[in-house]
Amino acid sequence: MERSKSLSIRSVKRYKLFLIAMVTLFFGFYVIYYTKMSGLFGILMAIIYVGLMVFYWYPNIGKFLRKIKEVSYDNENLYVREGDYEIQIPFYQVKDIEIISMDGLYKFKLYHHDQFGSEVVCKPSIWYPFNYKRIDAELNRIRSYVRKAHREYKEQIVLYRSLTSN
């Protein structure tokens, strides 16, 4: 079946680099602010912020950014891609779809753990707050595909059980 639409922005890699740059800039301003303060307190706070960046924030942000994938779909499956590697996830394996940030990151929770983990995160649009109606309509279409796949899957299980019990 031909894929209907790509759900991810064109350059996931650039979006990830942009987020890392923004976090670095944010913490950089705090370090500059505290180093401008006079005395031992300013130096101590700058060291603490650099330590937080290196040992806590960057590993956690890196772990989260690795979950952001390129996602496309058709009437029956999600296609999750990273680099040259792509997997196909049937809609009946999708547990839930929810928004996880104000800039429009969506998380697909899965029933089964696959190569990309038990959840896949995608960024449908770089302009999300401004075109939320189009993106939300598209995700509602995917939610309807998921509900339909769950219904059909349950019907197949009931049919299989009725055939095997006889």
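In this predicted model, the second largest pocket holds about 210 Å³ of space. The residues that line this second largest pocket are N75, E76, P90, F91, Y92, Y145, K148, A149, E152, Y153 and Q156. Helix α3, which spans residues 132-165, provides the largest share of that lining, with 6 residues. The use of a probe in finding such spaces rests on a simple principle: rolling a probe the size of a water molecule over the atoms shows where empty space is left.

The strands β6 and β7 form a further element of the model. Strand β6, made up of residues 106-114, runs antiparallel to β7 and is joined to it by 5 bridges, and the two strands form a hairpin in which 2 residues lie between them. Within this pairing, F108 stands opposite V120 of β7. Strand β7 itself, which covers residues 117-122, is mostly covered, since 5 of its 6 residues are buried, that is, under 20% in relative accessible area.

On the surface, F18, M22, L25, F29 and I32 together make a nonpolar patch of about 510 Å². One of these residues, F29, is found in helix α1, which comprises residues 12-36. F29 is classed as exposed because its relative accessible area is 54%, and the cut-off for an exposed residue is over 50%. The relative accessible area of F29 therefore also satisfies the requirement of over 30% that applies to residues counted in a patch.

Terms used
Residues numbered from 1 in each chain as written. Predicted model: local features only at pLDDT ≥ 70, side-chain atom pairs only at ≥ 80, totals over all residues. Heavy atoms only, no water. Patch = residues over 30% accessible without salt bridge, like charges linked within 9 Å, V, L, I, M, F, W, Y side chains within 5 Å. Areas by Shrake-Rupley, 256 points an atom, 1.4 Å probe, with all protein chains shown as cover. Salt bridge = Lys/Arg side-chain N within 4 Å of Asp/Glu carboxyl O. Helix = DSSP H or I, 4+ residues; strand = E, 2+ residues; numbered from the N terminus. Buried < 20%, exposed > 50% of the residue type's maximum accessible area, 1.4 Å probe, protein only. Pairing = 2+ DSSP bridges. 1 Å grid on protein atoms, 1.4 Å probe; cavity = no way out; pocket = protein on both sides within 12 Å on 5 of 7 lines; lining within 4 Å. Points joined across faces, edges and corners; volume = space filled by probe spheres on them.
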